[in-house]
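Below are some notes for a colleague who is looking through this model. They are set out as numbered points, and each can be checked against the coordinates.

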Amino acid sequence: MSDPNSKLSKTVAFFDVDGTLLKSTIVHYYIWMHSAQAPFLLKRLWLVGFLPKIVYYLILDRISRPRFNQVFYRNYRGMRVAETKRLSTEMFKAYLRPKIFPEAIAQIQEHKEQGIAAVFVTGSLDFIVQPIADYLAIDSVLAPQLHEQNGQFTGELTTEPLIGEEKAKAVQAYAEQHGISLEASYAYGDSQSDLPMLECVGNPVVVNPGKTLREKALASGWEMHEWL
């Protein structure tokens with residue numbers, strides 16, 4: 001997890017990334033980077049071979065999202081660190097930047113004008129979300145990292161996947177370390193896996209929720225947005 005040296009306020013807006021700030025997933029990120037430089041025919045052949053795995057990943061995600069993340073990130077095994085990080089910057093410019101919800105940009109700016117720091121809390125890999133954070137001038141990033149060995153990724157995470165209760169733990173640890181008031185802080189999330197994070201702040205905000213999270217937000221009187 002990265003933590004840039006910046007003076008943060010006592011109130012923070014914690015943002016999930018995938019589905020909350022932009023429309024994409026960890027699967028899309030990997031496919032883009034794997035096929036970005038491949039010739040057209042090889043790219044198509046690889047996709048045909050990869051598609052059956054997606055069915056397995058969808059089933060695994062329904063069973064356990066943390067387990068899904070652990071298994072899926074093993075696809076990065078053997079990929080060169082420097083080259084992959086370079087590709088992640090290209091991916092942001094070509095693929096991710098246009099997918100950021102304009103309302104999300106406006107919301108982050110509004111918080112900053114109020115003196116409220118913005119922090120990413122995401123299950124996506126650190127080198128993928130860092131260009132997004134730089135673009136939006138995010139104060140800090142809480143994201144998982146892949147273990148590196150001999151200039152390559154091993155495919156194994158250095159920590160537990162940042163999903164569900166682990167997100168809440170990360171937020172609570174961050175708040176304690178920086179003297180943040182969680183009761184005065186905000187959290188933005190779009191999925192059921194964001195629920196523990198949403199429940200640990202005084203101002204939870206639900207974005208583009210699915211049926212279960214929508215029902216929870218309505219029953220709890222939480223703020224809700226549809227960002228397009």
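1. I begin with Gly221, which is found in the loop between α9 and β8. The model is a predicted one, and in it Gly221 counts as exposed because its relative accessibility of 63% is over the 50% cut-off. Between the C-alpha atoms of Gly221 and Ala170 there are 25 Å in space, for a separation of 51 residues in sequence.

2. Further along the chain, Leu228 has its place in the segment after β8, the strand that spans 223–225. This leucine is exposed, with a relative accessible area of 76%. Once residues up to four places away in sequence are set aside, Leu228 touches Phe101, Pro102 and Glu103. By contrast with those contacts, the C-alpha atoms of Leu228 and Phe127, which are 101 residues apart along the chain, are separated by 25 Å. As background to an exposed leucine, nonpolar side chains in soluble globular proteins tend to be buried together.

3. The buried nonpolar residues deserve a point of their own. The largest nonpolar core holds 50 residues, of which Phe15, Phe72, Tyr76, Phe120 and Ile132 touch the most other members. Apart from that core lies another, of 24 residues, with Val119, Val121, Leu198 and Cys200 among them. To give one example from the larger set of contacts, Ile132 touches Val17, Leu22, Phe92, Leu96, Ile100 and Phe120, when residues up to four places away in sequence are not counted.

4. In helix α1 I would look at Tyr30. Which residues does Tyr30 touch, not counting those up to four places away in sequence? They are Trp46, Phe50, Phe72, Asn75, Tyr76 and Met79, and two of these names, Phe72 and Tyr76, also appear among the residues of the largest nonpolar core that touch the most other members. Tyr30 counts as buried because its relative accessibility, 5%, is under the 20% cut-off. Phe40 is 10 residues from Tyr30 in sequence, and the two are 17 Å apart in space, C-alpha to C-alpha.

5. Thr84 lies in helix α4, which comprises residues 81–96, and is a polar residue by class. Is Thr84 buried or exposed? At 2% relative accessibility, Thr84 counts as buried. Leaving aside neighbours within four places in sequence, Thr84 is in contact with Met33, Tyr76, Met79, Phe127 and Phe153. Tyr76 and Met79 are also touched by Tyr30, so that these two residues recur in the contact lists of both Thr84 and Tyr30.

6. The largest pocket has a volume of about 430 Å³. Of the 23 residues that line it, Asp18, Thr25, Ile26, Arg65 and Phe68 are the closest to its centre. At least two residues of the lining come from each of α1 (26–35), α2 (40–63) and α3 (65–72), and α2 gives the most, with four residues. Sorted by class, the lining of this pocket has seven nonpolar, nine polar and seven charged residues.

7. Ser191 offers a link to the pocket just described. Ser191 lies in the loop between β6 (186–189) and α8 (195–199), and is in contact with Arg65 and Leu213 when neighbours within four places in sequence are left aside; Arg65 is one of the lining residues closest to the centre of the largest pocket. A polar contact of 2.8 Å joins the side chains of Ser191 and Ser193. With a relative accessible area of 16%, Ser191 is buried, the cut-off for that class being 20%.

8. Finally, two residues could be checked for their backbone geometry. Ala137, in the loop between α6 (126–136) and β3 (140–142), has a positive phi of about 55 degrees although it is not a glycine, and is partly exposed, with a relative accessible area of 45%. Asn208, likewise not a glycine, has a positive phi of about 45 degrees; its place is in the loop between β7 (203–207) and α9 (211–220). Asn208 is also partly exposed, with a relative accessible area of 22%.

Technical notes
Residues numbered from 1 in each chain as written. Predicted model: local features only at pLDDT ≥ 70, side-chain atom pairs only at ≥ 80, totals over all residues. Heavy atoms only, no water. Buried < 20%, exposed > 50% of the residue type's maximum accessible area, 1.4 Å probe, protein only. Contact = heavy atoms within 4.5 Å. 1 Å grid on protein atoms, 1.4 Å probe; cavity = no way out; pocket = protein on both sides within 12 Å on 5 of 7 lines; lining within 4 Å. Points joined across faces, edges and corners; volume = space filled by probe spheres on them. Core = buried A, V, L, I, M, F, W, Y, C linked by side-chain atoms within 4.5 Å. Polar contact = N/O pair within 3.5 Å; in protein donor to acceptor, adjacent residues only side chain to side chain.
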